[in-house]
Amino acid sequence: MLLASSLEAASDHPLAKALVRDACHELGDQALWEPTEVEAIQGKGLRGTVRGKQVWIGNQRLAREQIGTVPNAIEQSFNELQQQGKTSMYVIQEGTIVGILALQDLPRPEAKETLVRLRQLYPYRFIMLTGDNQQTANTIARQLDLTEARGDLLPEDKVSAILQLMQEGKVAMVGDGVNDAPAMANSTVGIAMGAAGSDVALETADIALMADQLDRLPLAIGLSRRARRIIKQNLYISLGVVALLVPATILGWTNIGLAVFFHEGSTMVVVLNALRLLGHKDR
């Protein structure tokens with residue numbers, strides 16, 4: 001626990017933060033070791049030096065790269081944990097597996113209700129793209145009633161999935177990590193979870209939910225759709241009034257003073273129509 005949490009302390013991944021928090025609680029006042037030469041290996045895990053020894057924490061891809069064949073007994077234990085819907089990681093020190101970490105992702109409390117409200121706005125398809133193993137992805141998908149879950153994805157695999165989905169229509173990608181940024185950049189709209197999101201994800205996203213509350217997503221979508229409708233209404237009002245007043249004035253059906261009065265009146269109508277957005281409520 002001490003070895004793994006010491007290395008994970010250098011990571012900003014949500015799972016790493018949870019591991020370090022629980023390790024500090026369990027170990028009490030015992031200080032974590034200071035890691036050096038820490039490097040994130042996209043889609044695989046983390047490496048670094050702890051107390052002068054090379055340490056890796058990651059998935060099966062990373063383990064096979066570092067030690068080749070994983071002993072059958074260890075691999076069987078690893079697979080059993082994955083089948084329980086847990087995100088499992090090997091802890092490797094100097095080419096030897098010294099432990100297995102098993103963490104379980106729990107959906108946000110508001111996630112299921114948020115998805116229900118999004119379905120009420122539009123019959124969206126909800127697809128989860130994750131680097132976690134497929135069993136974990138399937139477990140979360142069942143809990144949240146997702147349309148589909150795709151696991152064991154590298155960042156480039158997420159991009160390929162987004163490009164494939166965009167052939168069927170517009171795609172909004174919600175993410176918060178470095179691994180999500182390329183997929184967000186290739187989606188129709190990228191949405192980043194502001195408080196928990198990495199700098200790369202925030203810079204890539206078109207929309208950032210700064211409160212880091214998933215239940216704000218229906219509000220953002222509903223507000224944007226209503227704003228678009230009001231913009232169209234205002235264009236029809238303003239251009240329609242001009243289209244009527246110009247020929248009416250030229251043909252002498254009205255005088256210039258009355259034309260100005262109606263034009264300024266239409267401006268007030270446009271402003272008041274736009275102000276209706278201030279009263280928008282999340283439904």
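Two strands pair if DSSP finds at least two bridges between them; strands here are DSSP E runs of at least two residues and helices H or I runs of at least four, numbered from the N terminus. The model is predicted, so local features need pLDDT of at least 70 and side-chain atom pairs count only at pLDDT 80 or more, while totals for chains, interfaces and linings use all residues. Residues are numbered from 1 along each chain as its sequence is written, and side-chain values use heavy atoms, with hydrogens and water left out.

**Exercise 1.** Work out the strand order of the open three-stranded sheet and say which strands stand at its edges.

*Solution.* Start with the order: it's β8-β9-β10, with parallel pairing. Next, the edges: β8 (172–175) and β10 (207–209) each have a single partner strand, so one side of each is left without a neighbour in the sheet. Now the twist: neighbouring strands are turned by 20° against each other on average, direction ignored. (Axes are lines fitted to C-alpha atoms, for helices over the stretch in contact, and angles run from 0 to 180 degrees between N-to-C directions.) Finally, zoom in on one pair: three bridges join β9 (residues 189–193) to β10, and M193 stands opposite L209 in β10.

**Exercise 2.** Describe how α5 and α10 cross, and list the residues that make the contact.

*Solution.* First, the geometry: the axes of α5 and α10 (residues 217–250) come within 9 Å and cross at roughly 15°. That makes α5 roughly parallel to α10, the label for angles under 35 degrees. Then the residues: T114, R117, L118 and L121 of α5 meet L217, P218, I221, G222 and R225 of α10, where contact means heavy atoms within 4.5 Å.

**Exercise 3.** Find the buried residues of α6 and what covers them.

*Solution.* Take α6 (residues 134–144) and pick out T136, A137, T139, I140, A141 and L144: these are buried, meaning under 20% relative accessible area with a 1.4 Å probe, protein chains only (exposed is over 50%, partly exposed in between). Their cover includes α4 (72–83), β4 (87–93), α5 (111–121), β6 (127–129) and β7 (148–150). Just after α6 comes D145, with a positive phi near 60°.

**Exercise 4.** Place D152 and trace its surroundings.

*Solution.* Locate D152 in the loop between β7 and α7 (155–166). With a relative accessible area of 37%, D152 is partly exposed. Leaving aside neighbours within four places in sequence, D152 is in contact with R61, T130, G131, D132, N133, Q134 and D157. Last step: the D152 side chain reaches the backbone nitrogen of Q134 at 3.3 Å.

How values were computed
Polar contact = N/O pair within 3.5 Å; in protein donor to acceptor, adjacent residues only side chain to side chain. Parallel < 35°, antiparallel > 145°, perpendicular 65-115°, else oblique.
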